[in-house]
Structure formats: C-alpha cells, structure tokens
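Biologist: Please show me the model. I have some questions about its surface and its contacts.

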Amino acid sequence: MTTPDIRVEKGHAEPEEVAALTAILLARAAAQPAAVPSVLHGRDKAGWRRLERTPGFRAPHSWQG
C-alpha cells in the first residue's frame, strides 16, 4: 500500500485521530438504512405557491384564498 486511503488536507492528524475517523466512517457505511414506508400519507403537492408563478397583482378581495 503506497498511497493512504485517507489524507489530511489541512493541519496534522495523529494516527489515533485518523483511526477514530476511519472507525466512524466504516460504522456508518455498514449501518442498515431505515425502512422506508411503502405508502406515504400526506399531500400530493405543496401547500404553498411559487411566487414566480403567481400573477403580479392580486385584487384586495382575493386575499382570502
């Protein structure tokens, strides 16, 4: 092994710090992802509107909706 798998870009990491970081990264890589529910309950579209898709002027009587 001529090139290290993990390289410190700035500063100086002690071997123990690199080992701790490697252990954390390996543990995260081995972790199983949470089960995703097959059916998502909720809205199909957002409850807000994009400003660029609304007309520039809205009459005062239309503020309720």
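Modeller: Here are the questions, each with a short answer.

Modeller: This is a predicted model, where local features need pLDDT of at least 70, side-chain atom pairs count only at pLDDT 80 or more, and totals for chains, interfaces and linings use all residues. Residues are numbered from 1 along each chain as its sequence is written, and side-chain values use heavy atoms, with hydrogens and water left out.

Biologist: How many helices and strands are there in the protein?

Modeller: Helices (H or I, at least four residues) and strands (E, at least two) are DSSP runs, numbered from the N terminus. The count is one helix and zero strands.

Biologist: What percentage of the 65 residues count as buried?

Modeller: Buried means under 20% relative accessible area, exposed over 50%, and partly exposed in between (1.4 Å probe, protein chains only). Of the 65 residues, the buried share is 0%.

Biologist: Is Leu21 buried or partly exposed?

Modeller: Leu21 lies in helix H1. Its relative accessibility is 41%. Because the class between 20% and 50% is partly exposed, Leu21 counts as partly exposed.

Biologist: How far apart in space are Leu21 and Ile6, C-alpha to C-alpha?

Modeller: Ile6 sits in the segment before helix H1 (15–30). In sequence, Leu21 and Ile6 are 15 residues apart. In space, C-alpha to C-alpha, the distance is 9.3 Å.

Biologist: Which side chain meets Arg7 in a salt bridge?

Modeller: A salt bridge is a side-chain nitrogen of Lys or Arg within 4 Å of a carboxyl oxygen of Asp or Glu. The structure holds one. At 2.5 Å, N to O, the partner of Arg7 is Glu9.
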